[in-house]
Amino acid sequence: MRDTATILPLTAESLAFEADGKRLIDRVDLTVGRAERIAFIGPNGAGKTLTLRMLHGLLAPTAGTVRWSRDDGTVAGRKRHAMVFQKPVMLRRTARANVVHALAAAGHGRGEAADRAEAVLRRFGLDRLAARPARLLSGGEQQRLAIARAAALEPELLFLDEPSSALDPGATRQVEEMLGELHAAGVALVFATHDLGQARRIADRIVMFHKGRVVESGRTANVLDRPETAEAKAFVSGELLW
């Protein structure tokens, strides 16, 4: 990364979110350190995606705080965190133009945006797809393009919501290889997943959600192999949680 200033750690304190009189997220505390990899696990509706959106700033919490080490998560006016969604949002333009648009929206000039788009597509082996319409790419190709587009912004922290939920094993492996390369370059990863194998392969730490609350948090092997709470024991055993 060009700028050595850091926006991390990210700290969430007593984070809560309510809608229609119902508390969907309840007193979540979390810290994300530099180059850390954290997996959010838990059943559907547990609060993983809502928490990701609040941390990224897409959703304002109704209580609690989200604090970055540098103001609002920017350095020299540039936002240093990005998010990749479960279903990638692709513009009606080429794969290359999707990346250029993101860079231009972040304030990069036309020439610089074009150069950086070409570089990031080559970096992740997507240059052969550069001229193809993004919306006609396969699901795996779209997800890889979405990650490359986010990486082009040089984030220090990347949020991902179920990055490989609808992908076959080959495409999942390619996505995980991209995430491994980003982490090796110093990018912190916070991602939601239902794939416990993926959590084991990628995450340093696991945070388990149930009914809007964090019910267990710890090193990956500890949570998956020696869970302490009844909820975590049931979830990693494949039992339904209500």
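**Briefing: a three-stranded sheet and two helix residues**

Within strand β2, Arg-23 is the residue that bridges to Glu-18, and this pairing belongs to an antiparallel arrangement in which seven bridges join strand β1 (residues 10–19) to strand β2 (residues 22–32). The model is predicted, so local features need pLDDT of at least 70 and side-chain atom pairs count only at pLDDT 80 or more, while totals for chains, interfaces and linings use all residues. Residues are numbered from 1 along each chain as its sequence is written, and side-chain values use heavy atoms, with hydrogens and water left out.

**The sheet**

- Helices (H or I, at least four residues) and strands (E, at least two) are DSSP runs numbered from the N terminus, and two strands pair if DSSP finds at least two bridges between them.
- β1 and β2 form a hairpin with two residues between them, and in the turn Asp-20 has a positive phi of about 55°.
- β1 also pairs in the antiparallel sense with strand β4 (residues 63–67), over four bridges, and there the bridge partner of Ala-12 is Val-66 in β4.
- The result is an open sheet of three strands in the order β2-β1-β4, with antiparallel pairing.
- Because β2 and β4 stand at the edges, each with a single partner strand, one side of each is left without a neighbour in the sheet.
- From one strand to the next the twist averages 20°, where axes are lines fitted to C-alpha atoms, for helices over the stretch in contact, and angles run from 0 to 180 degrees between N-to-C directions.
- Helix α1 (residues 48–56) lies across β1, β2 and β4 and runs at about 120° to β1; contact means heavy atoms within 4.5 Å.

**Gln-142 in helix α4**

- Gln-142 is found in helix α4 (residues 139–151) and counts as buried because its relative accessibility is 13%, given that buried means under 20% relative accessible area, exposed over 50% and partly exposed in between (1.4 Å probe, protein chains only).
- The side chain of Gln-142 reaches the backbone oxygen of Leu-137 at 3.4 Å.
- Leaving aside residues up to four places away in sequence, Gln-142 touches Pro-88, Met-90, Ala-134, Arg-135, Leu-136 and Leu-137.

**Leu-196 in helix α6**

- Leu-196 has its place in helix α6 (residues 196–202) and is partly exposed, with a relative accessible area of 21%.
- Leaving aside residues up to four places away in sequence, Leu-196 touches Ile-41, Leu-224, Phe-235 and Val-236.
- Leu-196 and Phe-235 are 39 residues apart in sequence, and their C-alpha atoms are 9.8 Å apart in space.

Definitions and conventions
A polar contact is a pair of N or O atoms within 3.5 Å; within protein, one must be able to donate a hydrogen and the other to accept it, and residues adjacent in sequence count only if both atoms are side-chain atoms.
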